[in-house]
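Student: I should like to go through this model term by term. Please set each value against its definition before drawing a conclusion.
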Amino acid sequence: FKGFAMKKLNETGWVEKEVPECGPLDAIVRPTCVSPCTSDIHTVWEGAIGDRKDMVLGHEAVGVVEEVGSLVKNIKVGDKVIVPAITPDWDDEAAQRGYPSQTTEPLGGWKFSNFKDGVFGERFHVNLADANLALMPEGLTDEAAVMLVDMWSTGMMGSENANIPLGGSVLVIGIGAVGLSAIAGAALLGAADIYAAGTRPISVKVAKEYGATEIINYREAPIDEQVREATDGAGVDSVIIAGGNLTNTWKEAVASTKAGGTISNVNYLSGADDVLIPRVEWGCGMSNINITNGLCPGGRVRMERLARLALTNRADPELLVTHRFKGLEKIEDALYLMKDKPKDLIKPIVKID
Ligand code: NAD
Ligand code: ZN
């Protein structure tokens, strides 16, 4: 099959591959809609996971099942499915301890476009089809569903991990697709005041639609100064980090958080080897400001629940889609658009059939 790949660090191109063997518990899927992720950019152009040779990119897809293994019970050939970006080994000990995204090794639930071919091809392989694929429910479009598999799942995990009190206050740093999903999650979890730190007009618009109550322009002054001012010096209960850098962001996050609050990171950290936590703002290590983090949750039930959120109109995933392409060969343009990040972009999608 044909796929769009990372040929090596800093180089992409089309490759021809053999359709992978479908194990007894697995499935082979033909994508009908895909979307590139900022993580694909970190992978190819920032060397974030090291070098890879001719690895098909992409981990956000919906599609049609082409083949299933002999032991698969619930998924049939021809089914339309939502494919989570993260496809854990559900029998692994980390999954049994409650951390399926970290199975076999740290970040080991992330397989597509990490250590096996991803979804930017004519076919891709899915491990443990019954546990990892969700049937596409009636009433959900491809472009809505493809926003659930990584963007909503990751951003909403950011808000789930942030211990948001009912009626509490939240700061979201970075309002790309992940941060915007974190805003939607925070609103659904009962936050009253949601401060969104970002600048791009399209993101600001969606942030408000998802429930942000105040926008903070991080280019004007340090975020923590603006948060302290807006909260009469109190700070916020929860901070979700979904963008930014290692020079300012962690300091701003700690300095914005109330004693007893939580900082929840979902950002893919790159650019330096150390995360610097400011000692004094952290109460000399005694402030009860907790730091949590995680990799996007995957699996069937997660996708089913996110789909229910969309279908019951709790929030609209399609608000994240700003650019639409048609045809497999357009995956290349969509990825480069994601790399260039024009001002009016949140997420591009590519319809394939
Ligand atoms: P994005 O690049 O669209 O969003 C990040 C935003 O942060 C941008 O809008 C950028 O302008 C803004 N920003 C830059 N500097 C800033 C600063 N100093 N302060 C505040 N905002 C600043 O990316 P995205 O697709 O929304 O993804 C966000 C991050 O999450 C990426 O690093 C991505 O790789 C990561 N990610 C993590 C997981 C996970 O499982 N934890 C899953 C998917 C994506
Ligand atoms: Zn991703």
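Student: What makes Y268 partly exposed?

Tutor: Y268 has a relative accessible area of 22%. Buried means under 20%, exposed over 50%, and partly exposed in between, with a 1.4 Å probe and protein chains only. Y268 is therefore partly exposed at 22%. Its place is in the loop between β13 (257-265) and β14 (290-293); helices (H or I, at least four residues) and strands (E, at least two) are DSSP runs, numbered from the N terminus. The C-alpha atoms of Y268 and H42 are 8.4 Å apart, with these positions 226 residues apart along the chain.

Student: On what basis do these values and numbers rest?

Tutor: This is a predicted model, in which local features need pLDDT of at least 70 and side-chain atom pairs count only at pLDDT 80 or more, while totals for chains, interfaces and linings use all residues. Residues are numbered from 1 along each chain as its sequence is written, chains are lettered from A and ligands numbered from 1 in the order in which they are written, and side-chain values use heavy atoms, with hydrogens and water left out.

Student: Why is A94 called buried?

Tutor: The relative accessible area of A94 is 3%, so this residue counts as buried. A94 is in helix α2 (residues 93-96).

Student: Which of the two words, exposed or partly exposed, applies to N10, and which to C284?

Tutor: N10 has 51% relative accessibility and therefore counts as exposed. C284, at 44%, is therefore partly exposed. N10 is in the loop between β1 (2-8) and β2 (11-16), and its phi is near 70°, a positive value in a residue other than glycine. C284 lies in the loop between β13 and β14; C284 is not a glycine either, yet has a positive phi of about 50°.

Student: What makes C37, H59 and D150 the donors of the zinc ion (ligand 2)?

Tutor: Donors are N, O and S atoms within 2.8 Å of the metal (3.2 Å for Na, K and Ca); water is not among the atoms, so sites may look incomplete. C37 (SG), H59 (NE2) and D150 (OD) coordinate the zinc ion at 1.9 to 2.3 Å. Their spacing in sequence is C-x21-H-x90-D. C37, in the loop between β3 (27-34) and α1, and D150, in helix α4, are 113 residues apart, and the pair links distant parts of the chain. Both C37 and D150 are buried.

Student: Which residues come nearest to ligand 1?

Tutor: A residue is near a molecule or strand if one of its heavy atoms lies within 4 Å of it. There are 23 residues around ligand 1, and T38, V178, N267, C296 and K341 come nearest.

Student: How do you know that T38 has a polar contact with ligand 1?

Tutor: A polar contact is a pair of N or O atoms within 3.5 Å; within protein, one must be able to donate a hydrogen and the other to accept it, and residues adjacent in sequence count only if both atoms are side-chain atoms. A polar side-chain atom of T38 is 2.8 Å from an oxygen atom of ligand 1. For C296, a backbone N or O atom lies 2.7 Å from an oxygen atom of ligand 1.

Student: Which helix gives the most to the shell around ligand 1?

Tutor: Helix α1 gives the most, with three residues.
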